[in-house]
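Here is a short briefing to keep beside the sequence and the 3D view. Please take a moment to look at both before reading on.

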Amino acid sequence: MRIQIINGPNINLLGKREPSIYGSVTFEDYLAELRKRYADLEIDYFQSNIEGEMIDCIQQVGFEVDGIILNAGAYTHTSIALQDAIRSVTSPVIEVHISNVHSRESFRHVSMIACACKGVICGFGLNSYRLALEALLGNK
């Protein structure tokens, strides 16, 4: 089974960026733990601060992988183009967020991509990714 994780803007700063909200662990460290825990899976990773590059990645893998875990960051709340990309591919996509976006600023309460995703997981810290992975495994 092959899973693609796609992270959007500012996720490259995990461990440094607002640790009170996002924690002090880098995504690379978390990813190493996730890959170790699910050694029988192929977990690919892509991060970009650029919306078009995220769309390119979805289009490139979205007909091949068994699932996509997408943390679109702030693009979650603004990007119809990401929504269109998700709708264009056959791989199921799960939207994830590290923080509980519904307990934050009101503009974060609206997701432009959730309607195109299989599900949404938020508020469980980096474990949101593991929960999304478990959801994808449960669908196989």
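Let's begin with one residue: glutamine 83 is buried, because its relative accessible area is 13% and buried means under 20%. Glutamine 83 belongs to helix H4. Please keep in mind throughout that this is a predicted model. From here, the briefing moves from that residue to the whole chain, the cores, the annotated sites and the cysteines.

**Glutamine 83 and asparagine 12**

- Leaving aside residues up to four places away in sequence, glutamine 83 is in contact with Met112, Ile113, Cys115 and Ala116.
- Asparagine 12 makes a handy partner for a distance check: its C-alpha atom and that of glutamine 83 are separated by 22 Å, and the two residues are 71 apart along the chain.
- You will find asparagine 12 in the loop between S1 and helix H1 (19-22).
- Is asparagine 12 buried or exposed? It falls in between and counts as partly exposed, because its relative accessibility is 37% and the partly exposed class lies between 20% and 50%.
- Beyond residues up to four places away in sequence, asparagine 12 touches Gln47 and Asn49.

**A backbone angle to look at**

- Asparagine 10 is also placed in the loop between S1 and H1.
- Although asparagine 10 is not a glycine, its phi is positive, at about 75°.
- With a relative accessible area of 33%, asparagine 10 is partly exposed.

**The chain as a whole**

- Five helices and five strands make up the list of elements in the chain.
- Read from the N terminus on, their order is β-α-α-β-α-β-α-β-β-α.
- How does the radius of gyration fit what a compact globule of 140 residues would have? The chain has 14 Å, which agrees with the value near 14 Å for such a globule.
- Taken along the principal axes, the C-alpha atoms fill a box of roughly 35 × 35 × 25 Å.
- Of the 140 residues, 46% count as buried.
- Among contacts with a separation of 6 or more, 77% come from residues 24 or more positions apart.
- About 6800 Å² of the chain is exposed, and carbon and sulfur atoms supply 50% of that area.

**The nonpolar cores**

- The largest nonpolar core has 21 residues, and the members touching the most other members are Ile5, Phe27, Ile43, Ile69, Tyr129 and Leu133.
- Two or more residues of this core come from each of these elements: strand S1 (2-7), helix H2 (27-37), strand S4 (93-97) and helix H5 (127-138).
- A second, separate core has 18 residues, including Ile6, Ile55, Val65 and Leu70.
- Which residues does isoleucine 5 touch, not counting those up to four places away in sequence? They are Phe27, Leu31, Leu34, Ile43, Asp44, Tyr45, Phe46, Ile69 and Tyr129.

**Sites listed in UniProt**

- The unreviewed UniProt entry lists Tyr22 and His97 under "active site".
- Histidine 97 lies in strand S4, and at 6% relative accessibility this histidine counts as buried.
- Not counting residues up to four places away in sequence, histidine 97 touches Asn71, Gly73, Thr76, Ile121, Cys122, Gly123, Gly125 and Ser128.
- Under "binding site", the unreviewed UniProt entry lists Asn71, His77, Asp84, Ile98, Ser99 and Arg108.
- Histidine 77 sits in the loop between strand S3 (67-71) and helix H4 (80-88), and it is buried, with a relative accessible area of 15%.
- Isoleucine 98 is in the loop between S4 and strand S5 (119-122), and it counts as buried at 6% relative accessibility.

**Cysteines**

- How many disulfides does the count give? The count is zero.
- Why is cysteine 115 not bonded to cysteine 117? The sulfur of cysteine 117 is the closest cysteine sulfur to that of cysteine 115, but at 7.9 Å it is too far for a bond, because a disulfide needs the sulfur atoms within 2.5 Å.
- Cysteine 122 is in no disulfide either, as its nearest cysteine sulfur, that of cysteine 117, is 12 Å away.
- Cysteine 122 is buried, with a relative accessible area of 18%.

Methods
Residues are numbered from 1 along each chain as its sequence is written. This is a predicted model: local features need pLDDT of at least 70, side-chain atom pairs count only at pLDDT 80 or more; totals for chains, interfaces and linings use all residues. Side-chain values use heavy atoms; hydrogens and water are left out. A nonpolar core is a set of buried Ala, Val, Leu, Ile, Met, Phe, Trp, Tyr and Cys residues joined through side-chain atoms within 4.5 Å. Buried means under 20% relative accessible area, exposed over 50%, partly exposed in between (1.4 Å probe, protein chains only). Helices (H or I, at least four residues) and strands (E, at least two) are DSSP runs, numbered from the N terminus. Contact means heavy atoms within 4.5 Å. UniProt positions are given in the numbering used here, feature names are shortened, and annotations may be inferred rather than shown by experiment. The radius of gyration is taken over C-alpha atoms; the globule rule is 2.2 Å times the number of residues to the power 0.38. Accessible areas come from the Shrake-Rupley method with a 1.4 Å probe; for residues, only the protein chains shown count as cover.
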